[in-house]
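Morning, everyone. I'd like to walk you through a structure I've been looking at, so let me put it up on the screen.

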Amino acid sequence: QVQLVESGGGLVQAGGSPRLSCAASGRTFSSYAMGWFRQAPGKEREFVAATNWSGGSTHYADSVKGRFTISRGNAKNTVYLQMNSLKPEDTAVYYCAADQSVARLAESDYWGQGAQVTVSS
């Protein structure tokens, strides 16, 4: 059974620097791209960041570029999202996804259950 499990969310003050983790299991994800999306209340889900299978290529939404960093664990089945300089508008449920390429992540069949990040001002 394929599972992606996020952790590390919670209530954070503006300017804080939490790190989200996503652990994938149930199949070999070491050759898969992985990424993060988020959905704020009343809004569509949006892309945040993604990395290719090796972690050597990364992509970011303009809204988080320079503040967030995506990386993969040594075993390649874990992806992290280091979030710095958080703003109240970063408040959302953050989801991780995995697929064969970065371009396919938004339509992936593999999603985590989501981690709530709430930024207080």
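**A threonine to begin with, then the strands**

Let's start at Thr 51, which has a relative accessibility of 0% and so counts as buried. Keep in mind that this is a predicted model, so everything I quote is computed from it.

Where does Thr 51 sit? You'll find Thr 51 in strand E5, the stretch covering residues 46-51. And what does its side chain reach? A polar atom of the Thr 51 side chain is 3.2 Å from the backbone oxygen of Ser 57. Setting aside sequence neighbours within four places, Thr 51 touches Ala 33 and Met 34, then Gly 56, Ser 57 and Thr 58, and also Ile 70, Arg 72, Val 79 and Val 102. So Ser 57 turns up again, this time on the contact list.

Okay, next up is the cysteine pair. How many disulfides does the structure hold? Just one. The partners are Cys 22 and Cys 96, with 1.9 Å from S to S. Cys 22 belongs to strand E3, residues 19-25, while Cys 96 belongs to strand E9, residues 92-99, so the link ties together parts that are 74 residues apart in sequence. For the geometry fans, the link is right-handed, with 45 degrees about the S-S bond. Buried or exposed, these two cysteines, Cys 22 and Cys 96? Both are buried.

Now let's stay with E9, since Cys 96 is in that strand. E9 is mostly covered, with seven of its eight residues buried. Which strands does it pair with? Here are three. Strand E4, residues 33-39, runs antiparallel to E9, and seven bridges join them. If you want a spot to look at there, Phe 37 is across from Tyr 95 of E9. Then there's strand E11, residues 115-120, which is antiparallel to E9 too, over three bridges. In that pairing, Ala 92 faces Val 117 of E11. And strand E10, which is residues 110-111, pairs with E9 in the antiparallel sense through two bridges. There, Ala 98 stands opposite Tyr 110.

Let me follow E11 a bit further. What's on its covered face, and what's on its uncovered one? The covered face carries Ala 115, Val 117 and Val 119, whereas Gln 116, Thr 118 and Ser 120 make up the uncovered face. E11 also pairs with strand E2, residues 10-13, in the parallel sense, over four bridges. One partnership in that pair is Val 12 with Val 119 of E11. So Val 119, from the covered face, is the bridge partner of Val 12.

One last residue, and it's another threonine. Thr 78 is in strand E8, residues 78-83. With 15% relative accessibility, under the 20% cut-off, Thr 78 counts as buried. Its side chain makes a polar contact with the side chain of Asn 77, at 3.5 Å. Leaving out neighbours within four places in sequence, Thr 78 is in contact with Cys 22, Ala 23, Ser 71, Arg 72 and Gly 73. That brings us back to the disulfide, as Cys 22 is the residue joined to Cys 96. Arg 72 is a repeat as well, having been among the contacts of Thr 51.

That's what I had; happy to rotate the view if anyone wants another look.

Technical notes. Residues are numbered from 1 along each chain as its sequence is written. This is a predicted model: local features need pLDDT of at least 70, side-chain atom pairs count only at pLDDT 80 or more; totals for chains, interfaces and linings use all residues. Side-chain values use heavy atoms; hydrogens and water are left out. A disulfide is a pair of cysteine sulfur atoms within 2.5 Å. Buried means under 20% relative accessible area, exposed over 50%, partly exposed in between (1.4 Å probe, protein chains only). A polar contact is a pair of N or O atoms within 3.5 Å; within protein, one must be able to donate a hydrogen and the other to accept it, and residues adjacent in sequence count only if both atoms are side-chain atoms. Contact means heavy atoms within 4.5 Å. Two strands pair if DSSP finds at least two bridges between them.
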